Amino acid sequence: MRKKIPSKEDIIKTALGILQSTAFLSWSGFSYAMFICLLRRIFGCFYLPTISFLPAFLSSFTAILIERTSRRTLLCLYVSNIATETLFRMGVWRGYFSPIPKGEVYIFAVSVAVLLYFFRSKVNKQDQIYKILRIIAGKHEESEYLINRNSRPETTSDNETVDRIPESGKSLRNNSRKPRTNIVRTSFETYKYIINIIKAQSKHASCPHPYSCIHYVLMDSAKLFGYGVCGQLALNSILQFKRLLQKPKLLKSIVFRKQNLNLAVFVGGFTGLYRLASCLLRRTFNKDSHTYAIPAGLIASTAFMAFPNNTITLYFMWKALQLLWNDAVEKKKLPEVKWFVIFLYCLSTSILFHAAIMEPQNLRSSYWRFLYNMSGGRIAIMRREPLDFFGLETSKHLQEVLRKTKTTDKLTFSF
């Protein structure tokens, strides 16, 4: 993964990390069942919080202390993401509020605008979200690049590009007289000639990118569009791999699906709109500012309507909240809570396990299948009929979830 031959210390560290994470997961499963039985014996009967919520909280707390410290924040963000969606579904199911059409787009727009503002105003080399933003927004928009750019003299890369244009044109004219066998080379020279012309167009003095604004907007957005198409095709091929082995003729229908363009339109459109808006703002106000990231991010977020996704939305939302919280702690506007990540992880996991036992219809289908596979189906065979006493119709909704996810509660175990 790091593009280098691992040393003996790297191999040992990786092996120990795997064993540590295995111990974390093993203790999570074992202690969850243990605390259910233990609380039942202590209180003499089941109460609503002691059925799953409290045992899951205690299990998560003891387990997360086993896991590596570097992994705790990632795990917290993952379960908090799903728990937020689960709480929303629980509220809708109870009639507390109604879903807002395109609500995930609004949340994503606000969240990504906050993240892009920090991306342009604060240096952060550790957070993974900055690597994502560096791809979609561009390294030239990053605060570290802007600081380094202002501290070094201007280069003449733009002028050099302009000087090369006639040479490309001359090469193109020469290639036109050659046989058709050189059509690939001629096409390459044509492409290079067109790109050089685009590079040589005008750009504003406050723009941080090296070539013209047109080149800055079009090139990376087109590249990300291509990555999006390839990524969606690869994902669909992997998910439909078994069906393709049985019916190879399905390959054509999988490749030429209109939905394959949704991800590409999102990533390519977001990049293009963000950079276009940023350049227009710089030209309009005749200066550059990190505050432009907010309106540019909101405008670019309209591309998310092509690929609305709750997982992406909630991930960006929690990352924005994390950076806002860290910024407030740095400015001493909020106190630092050292165990907050652990508490949030335990709370989120408790919500998920409560839903899995008491309200499975409100749990994301993919997470239900994850729990089903991790527990060997035991999450499904736990008897729900006694829990109907609490008025949530748990056994009825369990059967609906089993049909929807194609799982079963008709399992037998040797021990």
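In which loop does Glu393 lie? In this predicted model, Glu393 is placed in the loop between helix H18 (378-381) and helix H19 (394-405). The phi angle of Glu393 is near 50°, a positive value in a residue other than glycine. With a relative accessibility of 43%, Glu393 counts as partly exposed, because the partly exposed class lies between the 20% limit for buried residues and the 50% limit for exposed ones. A positive phi is also found at Lys332, where the angle is near 60°, again in a residue other than glycine. Lys332 is located in the loop between H15 and helix H16 (340-358). The relative accessible area of Lys332 is 76%, and the residue is therefore exposed, since the exposed class begins over 50%.

With regard to the overall fold, the chain contains 19 helices and 0 strands. Of its 415 residues, 39% count as buried. Contacts in the chain between residues at least 6 apart in sequence were also examined by separation; 71% of them join residues at least 24 apart.

Three helix pairs are described in turn. Two packed helices are described by the angle between their axes and the distance between the axes. Helix H5 (residues 103-121) packs against helix H13 (residues 262-285) at an angle of about 55°, and the two axes are 14 Å apart. This angle makes H5 oblique to H13, because it falls between the limit of 35 degrees for roughly parallel axes and the lower bound of 65 degrees for roughly perpendicular ones. The crossing of H5 and H13 is right-handed. On the H5 side, the contact is made by Phe108, Val112, Leu116 and Arg120, and on the H13 side by Phe266, Phe270, Tyr274 and Arg282. Sorted by class, the contact of H5 with H13 comprises 6 nonpolar and 2 charged residues, with no polar residue.

Helix H13 also packs against helix H14 (residues 293-300). The axes of H13 and H14 come within 8 Å and cross at roughly 145°, and the crossing is right-handed. In this contact, Phe270, Leu273, Tyr274, Ala277, Ser278 and Leu281 of H13 meet Ala293, Pro295, Ala296, Gly297, Ile299 and Ala300 of H14. The contact of H13 with H14 has 10 nonpolar and 2 polar residues, and no charged residues. Phe270 and Tyr274 of H13 thus appear in the contact with H5 and in the contact with H14.

The third pair consists of helix H6 (residues 128-136) and helix H15 (residues 310-330), whose axes come within 11 Å and cross at roughly 120°. H6 is therefore oblique to H15, as the range counted as roughly perpendicular ends at 115 degrees and roughly antiparallel axes require over 145. H6 passes H15 in a left-handed crossing. The residues in contact are Ile129, Tyr130 and Ile132 of H6, together with Tyr315, Phe316, Lys319 and Leu323 of H15. By class, the contact of H6 with H15 has 6 nonpolar residues, 1 charged residue and no polar residues.

Aromatic side chains were examined next. The structure holds 21 aromatic pairs. A pair of aromatic rings is described by the distance of the centres and the angle of the planes. One of the pairs is formed by Phe108 and Phe266, which are edge-to-face at 5.8 Å centre to centre with 70° between the planes. This pair links distant parts of the chain, with Phe108 in helix H5 and Phe266 in helix H13, 158 residues apart. Phe108 is buried, with a relative accessible area of 1%, and Phe266, at 8%, also counts as buried. Another edge-to-face pair is formed by Tyr315 and Phe316, at 6.0 Å centre to centre and 85° between the planes. Within this pair, Tyr315 is partly exposed, with a relative accessible area of 26%, whereas Phe316 counts as buried at 7%. Both pairs belong to a cluster in which ring pairs link Phe108, Phe266, Phe270, Phe304, Phe307, Tyr315 and Phe316.

Helix H15 also includes Ala328. At 12% relative accessibility, Ala328 counts as buried, because this value is under 20%. Not counting residues up to four places away in sequence, Ala328 touches Lys333 and Leu334.

Technical notes: Residues numbered from 1 in each chain as written. Predicted model: local features only at pLDDT ≥ 70, side-chain atom pairs only at ≥ 80, totals over all residues. Heavy atoms only, no water. Axes fitted to C-alpha atoms, helices over the stretch in contact; angles between N-to-C directions. Helix = DSSP H or I, 4+ residues; strand = E, 2+ residues; numbered from the N terminus. Left-handed = near helix turned anticlockwise from the far one by under 90°. Contact = heavy atoms within 4.5 Å. Nonpolar A, V, L, I, M, F, W, Y, C, P; charged D, E, K, R; others polar. Phe/Tyr/Trp six-rings, centres within 6.5 Å; stacked < 30°, edge-to-face > 60°. Buried < 20%, exposed > 50% of the residue type's maximum accessible area, 1.4 Å probe, protein only.
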